[in-house]
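Here is a friendly walk through one protein chain, written to be read with the structure open beside it. Feel free to click along as you go.

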Amino acid sequence: MKCKARLCAIIVVALATFVLPKIGAIEASEDVVAVAASIHEVALELATAFKEARLGQAPQVVSGASGKLAAQIIAGAPFGLFLSASPEWTEKLQKDGFLYDIAPMAKAPAVVWWPKGEAISLETLRGEKIRIAIADPAAAPFGKAAGEYLASIGLYDTLMKEGRLIVMGSVEQAMLAATSGGADMAMVSLSLAIKANEGSYVKLPIAPLENSGGLVKSRATENITEFWRYIRSETAAPVWEKWGFEPVRDN
(Lines give C-alpha, C1' and ligand atoms only; values in the text may rest on other atoms or scores of the structure.)
Protein backbone atom coordinates (compact mmCIF):
# COMPACT_ATOMS: atom_id res chain seq x y z
CA MET A 1 0.00 0.00 0.00
CA LYS A 2 2.89 2.35 0.79
CA CYS A 3 4.32 1.72 -2.69
CA LYS A 4 0.95 2.51 -4.28
CA ALA A 5 0.62 5.71 -2.29
CA ARG A 6 4.14 6.73 -3.22
CA LEU A 7 3.50 6.02 -6.90
CA CYS A 8 0.34 8.13 -6.84
CA ALA A 9 2.19 10.96 -5.13
CA ILE A 10 4.85 10.89 -7.85
CA ILE A 11 2.20 10.93 -10.55
CA VAL A 12 0.39 13.86 -8.97
CA VAL A 13 3.55 15.94 -8.65
CA ALA A 14 4.67 15.14 -12.20
CA LEU A 15 1.31 15.92 -13.70
CA ALA A 16 0.90 19.08 -11.70
CA THR A 17 4.19 20.20 -13.22
CA PHE A 18 3.33 19.42 -16.83
CA VAL A 19 -0.44 19.61 -17.09
CA LEU A 20 -1.85 22.24 -14.80
CA PRO A 21 -2.04 25.82 -16.11
CA LYS A 22 1.07 27.90 -15.67
CA ILE A 23 -0.67 31.18 -14.94
CA GLY A 24 2.56 33.01 -14.26
CA ALA A 25 3.69 32.34 -17.84
CA ILE A 26 0.66 34.03 -19.41
CA GLU A 27 1.30 37.45 -20.90
CA ALA A 28 -1.14 40.10 -19.77
CA SER A 29 -2.04 40.98 -23.38
CA GLU A 30 -2.98 37.40 -24.38
CA ASP A 31 -6.54 36.13 -24.61
CA VAL A 32 -6.80 33.03 -22.45
CA VAL A 33 -9.52 30.40 -22.37
CA ALA A 34 -9.71 28.23 -19.26
CA VAL A 35 -11.22 24.86 -20.17
CA ALA A 36 -12.17 21.69 -18.34
CA ALA A 37 -9.61 18.93 -18.94
CA SER A 38 -12.20 16.95 -20.90
CA ILE A 39 -12.52 19.89 -23.36
CA HIS A 40 -8.77 20.51 -23.79
CA GLU A 41 -8.18 18.89 -27.17
CA VAL A 42 -11.35 20.19 -28.84
CA ALA A 43 -10.60 23.71 -27.55
CA LEU A 44 -7.12 23.61 -29.05
CA GLU A 45 -8.51 22.54 -32.43
CA LEU A 46 -11.27 25.17 -32.28
CA ALA A 47 -8.69 27.87 -31.51
CA THR A 48 -6.65 26.87 -34.58
CA ALA A 49 -9.75 26.73 -36.80
CA PHE A 50 -10.84 30.16 -35.53
CA LYS A 51 -7.53 31.65 -36.59
CA GLU A 52 -7.39 29.84 -39.93
CA ALA A 53 -10.89 31.11 -40.77
CA ARG A 54 -9.52 34.63 -40.13
CA LEU A 55 -12.19 35.33 -37.55
CA GLY A 56 -9.63 36.52 -35.01
CA GLN A 57 -6.51 35.57 -33.07
CA ALA A 58 -6.29 32.09 -31.56
CA PRO A 59 -6.57 32.36 -27.77
CA GLN A 60 -4.22 30.53 -25.44
CA VAL A 61 -5.83 27.46 -23.88
CA VAL A 62 -5.18 26.25 -20.33
CA SER A 63 -6.88 23.21 -18.78
CA GLY A 64 -7.68 21.72 -15.41
CA ALA A 65 -10.56 20.53 -13.27
CA SER A 66 -13.58 22.83 -13.64
CA GLY A 67 -13.75 23.55 -9.91
CA LYS A 68 -10.07 24.45 -9.69
CA LEU A 69 -10.32 26.78 -12.69
CA ALA A 70 -13.39 28.44 -11.14
CA ALA A 71 -11.40 29.05 -7.97
CA GLN A 72 -8.61 30.63 -10.04
CA ILE A 73 -11.10 32.98 -11.73
CA ILE A 74 -12.35 34.08 -8.32
CA ALA A 75 -8.72 34.65 -7.31
CA GLY A 76 -8.18 36.94 -10.32
CA ALA A 77 -6.60 34.66 -12.93
CA PRO A 78 -6.39 36.37 -16.37
CA PHE A 79 -8.99 34.19 -18.13
CA GLY A 80 -11.39 35.79 -20.60
CA LEU A 81 -13.58 32.74 -21.20
CA PHE A 82 -14.40 29.73 -19.02
CA LEU A 83 -15.58 26.39 -20.45
CA SER A 84 -16.75 23.97 -17.77
CA ALA A 85 -17.65 20.28 -17.95
CA SER A 86 -20.92 21.06 -16.15
CA PRO A 87 -23.28 24.02 -15.54
CA GLU A 88 -22.60 23.78 -11.81
CA TRP A 89 -19.48 25.92 -11.94
CA THR A 90 -20.61 28.43 -14.57
CA GLU A 91 -23.85 29.07 -12.70
CA LYS A 92 -21.96 29.54 -9.45
CA LEU A 93 -19.59 32.06 -11.04
CA GLN A 94 -22.49 33.91 -12.66
CA LYS A 95 -24.32 34.05 -9.34
CA ASP A 96 -21.18 35.40 -7.66
CA GLY A 97 -20.76 38.08 -10.33
CA PHE A 98 -17.75 36.74 -12.23
CA LEU A 99 -19.35 35.41 -15.45
CA TYR A 100 -21.90 36.66 -17.97
CA ASP A 101 -23.40 35.38 -21.24
CA ILE A 102 -23.30 31.79 -19.98
CA ALA A 103 -24.66 29.11 -22.31
CA PRO A 104 -24.39 25.36 -22.98
CA MET A 105 -22.03 24.26 -25.79
CA ALA A 106 -22.18 20.48 -26.00
CA LYS A 107 -22.87 17.26 -24.15
CA ALA A 108 -20.14 14.74 -23.37
CA PRO A 109 -20.51 10.99 -22.61
CA ALA A 110 -18.50 9.38 -19.80
CA VAL A 111 -16.59 6.14 -20.43
CA VAL A 112 -14.44 3.53 -18.75
CA TRP A 113 -11.15 3.17 -20.63
CA TRP A 114 -8.16 0.87 -20.29
CA PRO A 115 -4.96 0.60 -22.34
CA LYS A 116 -5.53 -3.06 -23.30
CA GLY A 117 -6.61 -3.95 -26.79
CA GLU A 118 -9.16 -6.51 -25.59
CA ALA A 119 -12.74 -5.34 -25.16
CA ILE A 120 -13.76 -3.86 -21.83
CA SER A 121 -17.23 -4.12 -20.28
CA LEU A 122 -18.94 -2.56 -17.29
CA GLU A 123 -18.60 -5.91 -15.51
CA THR A 124 -14.80 -5.45 -15.66
CA LEU A 125 -15.17 -2.77 -12.97
CA ARG A 126 -16.00 -5.56 -10.51
CA GLY A 127 -12.64 -7.34 -10.87
CA GLU A 128 -11.21 -8.17 -7.43
CA LYS A 129 -7.83 -6.55 -8.04
CA ILE A 130 -8.85 -3.84 -10.49
CA ARG A 131 -7.60 -0.32 -9.63
CA ILE A 132 -9.73 2.48 -11.04
CA ALA A 133 -8.61 6.08 -11.55
CA ILE A 134 -11.13 8.92 -11.41
CA ALA A 135 -10.86 12.69 -11.20
CA ASP A 136 -11.45 14.45 -7.88
CA PRO A 137 -15.26 14.37 -7.41
CA ALA A 138 -15.13 17.65 -5.48
CA ALA A 139 -13.59 19.61 -8.37
CA ALA A 140 -14.17 17.69 -11.60
CA PRO A 141 -17.68 16.95 -12.97
CA PHE A 142 -16.52 13.70 -14.60
CA GLY A 143 -15.00 12.61 -11.29
CA LYS A 144 -18.28 13.39 -9.57
CA ALA A 145 -20.23 11.43 -12.19
CA ALA A 146 -17.82 8.48 -11.92
CA GLY A 147 -18.06 8.43 -8.12
CA GLU A 148 -21.85 8.54 -8.23
CA TYR A 149 -21.96 5.70 -10.74
CA LEU A 150 -19.62 3.53 -8.66
CA ALA A 151 -21.77 4.23 -5.60
CA SER A 152 -24.93 3.33 -7.53
CA ILE A 153 -23.57 -0.15 -8.30
CA GLY A 154 -22.22 -0.64 -4.76
CA LEU A 155 -18.50 -0.41 -5.58
CA TYR A 156 -17.40 3.02 -4.33
CA ASP A 157 -16.97 2.18 -0.62
CA THR A 158 -15.25 -1.13 -1.36
CA LEU A 159 -12.76 0.47 -3.73
CA MET A 160 -12.00 3.22 -1.23
CA LYS A 161 -11.62 0.77 1.67
CA GLU A 162 -9.24 -1.44 -0.31
CA GLY A 163 -7.20 1.44 -1.70
CA ARG A 164 -8.14 0.61 -5.28
CA LEU A 165 -9.81 3.91 -6.13
CA ILE A 166 -7.11 6.27 -7.42
CA VAL A 167 -8.34 9.88 -7.16
CA MET A 168 -6.47 12.34 -9.38
CA GLY A 169 -6.72 16.09 -9.87
CA SER A 170 -8.47 16.03 -13.28
CA VAL A 171 -9.67 13.58 -15.93
CA GLU A 172 -6.44 14.12 -17.89
CA GLN A 173 -4.48 13.04 -14.83
CA ALA A 174 -6.79 10.07 -14.25
CA MET A 175 -6.17 9.01 -17.84
CA LEU A 176 -2.42 9.31 -17.42
CA ALA A 177 -2.57 7.25 -14.23
CA ALA A 178 -4.11 4.42 -16.26
CA THR A 179 -1.59 4.73 -19.09
CA SER A 180 1.40 4.88 -16.71
CA GLY A 181 0.42 1.82 -14.64
CA GLY A 182 -0.77 3.73 -11.58
CA ALA A 183 -4.24 2.30 -12.25
CA ASP A 184 -5.71 -0.43 -14.45
CA MET A 185 -8.45 1.72 -15.97
CA ALA A 186 -9.84 5.23 -15.85
CA MET A 187 -13.36 6.65 -15.81
CA VAL A 188 -13.09 9.72 -18.03
CA SER A 189 -14.70 11.61 -20.91
CA LEU A 190 -15.15 10.06 -24.34
CA SER A 191 -12.93 12.81 -25.77
CA LEU A 192 -9.92 11.50 -23.82
CA ALA A 193 -10.54 7.92 -24.97
CA ILE A 194 -10.59 9.20 -28.57
CA LYS A 195 -7.39 11.17 -27.96
CA ALA A 196 -5.64 8.03 -26.63
CA ASN A 197 -6.18 6.32 -30.00
CA GLU A 198 -5.46 2.96 -28.38
CA GLY A 199 -6.92 0.63 -25.80
CA SER A 200 -10.68 0.17 -25.56
CA TYR A 201 -13.60 1.75 -23.77
CA VAL A 202 -17.27 1.36 -22.94
CA LYS A 203 -19.74 4.16 -22.25
CA LEU A 204 -21.22 4.52 -18.79
CA PRO A 205 -25.03 4.10 -18.72
CA ILE A 206 -25.58 7.64 -17.47
CA ALA A 207 -26.72 10.86 -19.14
CA PRO A 208 -23.95 12.75 -21.00
CA LEU A 209 -22.57 15.70 -19.04
CA GLU A 210 -23.74 19.12 -20.23
CA ASN A 211 -20.79 21.41 -20.89
CA SER A 212 -21.35 25.08 -20.17
CA GLY A 213 -19.32 28.26 -20.63
CA GLY A 214 -19.35 31.99 -20.12
CA LEU A 215 -17.35 35.20 -20.51
CA VAL A 216 -15.37 36.54 -17.54
CA LYS A 217 -16.24 40.07 -16.45
CA SER A 218 -13.49 42.66 -16.94
CA ARG A 219 -11.38 40.03 -18.78
CA ALA A 220 -13.31 39.27 -21.98
CA THR A 221 -12.05 41.12 -25.05
CA GLU A 222 -13.74 41.62 -28.42
CA ASN A 223 -11.59 38.79 -29.80
CA ILE A 224 -12.50 36.32 -27.04
CA THR A 225 -16.18 37.28 -27.35
CA GLU A 226 -16.06 36.44 -31.06
CA PHE A 227 -14.35 33.13 -30.23
CA TRP A 228 -17.12 32.32 -27.75
CA ARG A 229 -19.70 33.02 -30.47
CA TYR A 230 -17.75 30.90 -32.98
CA ILE A 231 -17.44 27.74 -30.87
CA ARG A 232 -21.24 27.61 -30.49
CA SER A 233 -21.85 28.04 -34.22
CA GLU A 234 -22.91 25.41 -36.72
CA THR A 235 -19.50 25.84 -38.37
CA ALA A 236 -17.78 24.57 -35.24
CA ALA A 237 -20.13 21.60 -34.70
CA PRO A 238 -18.07 19.05 -36.73
CA VAL A 239 -15.04 19.73 -34.52
CA TRP A 240 -17.06 18.97 -31.37
CA GLU A 241 -18.42 15.80 -32.99
CA LYS A 242 -14.92 14.65 -34.00
CA TRP A 243 -13.98 14.54 -30.30
CA GLY A 244 -17.11 12.67 -29.21
CA PHE A 245 -19.26 15.61 -28.09
CA GLU A 246 -22.88 16.26 -28.96
CA PRO A 247 -23.08 19.96 -29.91
CA VAL A 248 -26.05 21.90 -28.56
CA ARG A 249 -27.93 23.34 -31.50
CA ASP A 250 -30.57 26.07 -31.46
CA ASN A 251 -33.96 24.85 -32.67
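## K195 and its partner E41

K195 has a relative accessible area of 40%, which makes it partly exposed. This value, like the others in this report, belongs to a predicted model. The side chain of K195 meets the side chain of E41 in a salt bridge, with 2.9 Å from N to O. This pair ties together distant parts of the chain: K195 sits in helix α8 (residues 190–196), E41 sits in helix α2 (residues 40–52), and 154 residues separate the two.

Is E41 buried or exposed? With a relative accessibility of 19%, E41 counts as buried, because the cut-off for that class is under 20%. K195, at 40%, falls in the partly exposed class.

## A buried glutamate without a salt bridge

Now look at E172, which is placed in helix α7 (residues 171–180). E172 is buried, yet it has no salt bridge. Which side chain of opposite charge is nearest to E172, and how far away is it? The answer is K195, at 4.5 Å. Since a salt bridge requires a side-chain nitrogen within 4 Å of a carboxyl oxygen, the 4.5 Å between E172 and K195 does not qualify.

E172 does have a polar partner, though: its side chain makes a polar contact with the side chain of S63, at 3.1 Å.

## The end of helix α8

Helix α8 also holds A196, a residue that is partly exposed with a relative accessible area of 24%. Which residues does A196 touch, once its neighbours within four places in sequence are left aside? They are W113 and M175. For M175 there is also a backbone distance to check: its C-alpha atom is 8.9 Å from that of A196, and the two residues are 21 apart along the chain.

## More salt bridges across the chain

The structure holds nine salt bridges in total, including the K195 pair described above. Another of them joins E88 to K144, where the closest N and O atoms are 3.7 Å apart. Here too, distant parts of the chain are linked: E88 is in helix α4 (residues 87–95) and K144 is in helix α5 (residues 141–152), 56 residues apart. E88 counts as partly exposed at 41% relative accessibility, and K144 counts as partly exposed at 37%.

A further salt bridge brings together the side chains of D184 and R131, at 3.2 Å from N to O. D184 lies in the loop between α7 and β8 (185–189), while R131 lies in the loop between β5 (110–114) and β6 (132–135); the two are 53 residues apart. D184 is partly exposed, with a relative accessible area of 25%, whereas R131 counts as buried at 17% relative accessibility.

## What else surrounds R131

R131 has a polar neighbour in the backbone as well: the backbone oxygen of G181 lies 3.3 Å from a polar atom of the R131 side chain. You can also locate A186 from here, since the C-alpha atoms of R131 and A186 are separated by 8.6 Å. Along the chain, R131 and A186 are 55 residues apart.

## Strand β3, covered on both faces

In a regular strand, the side chains alternate between the two faces of the sheet. Strand β3 (residues 81–84) is covered on both of its faces. L81 and L83 point to one side, F82 and S84 to the other, and all four are buried.

Which strands pair with β3? Strand β1 (residues 32–36) pairs with β3 in the parallel sense over three bridges, and V35 stands opposite L83. Strand β10 (residues 209–216) runs antiparallel to β3 and is joined to it by four bridges. Within β10, S212 is the bridge partner of S84.

## The chain as a whole

Stepping back, the protein chain has 10 helices and 11 strands. Of its 251 residues, 49% count as buried. Among contacts with a separation of 6 or more, 79% come from residues 24 or more positions apart.

As for the surface, the chain exposes about 11800 Å², and carbon and sulfur atoms supply 53% of that area.

Definitions and conventions. Residues numbered from 1 in each chain as written. Predicted model: local features only at pLDDT ≥ 70, side-chain atom pairs only at ≥ 80, totals over all residues. Heavy atoms only, no water. Buried < 20%, exposed > 50% of the residue type's maximum accessible area, 1.4 Å probe, protein only. Lys, Arg positive; Asp, Glu negative; His and termini not counted. Polar contact = N/O pair within 3.5 Å; in protein donor to acceptor, adjacent residues only side chain to side chain. Contact = heavy atoms within 4.5 Å. Areas by Shrake-Rupley, 256 points an atom, 1.4 Å probe, with all protein chains shown as cover. Pairing = 2+ DSSP bridges.
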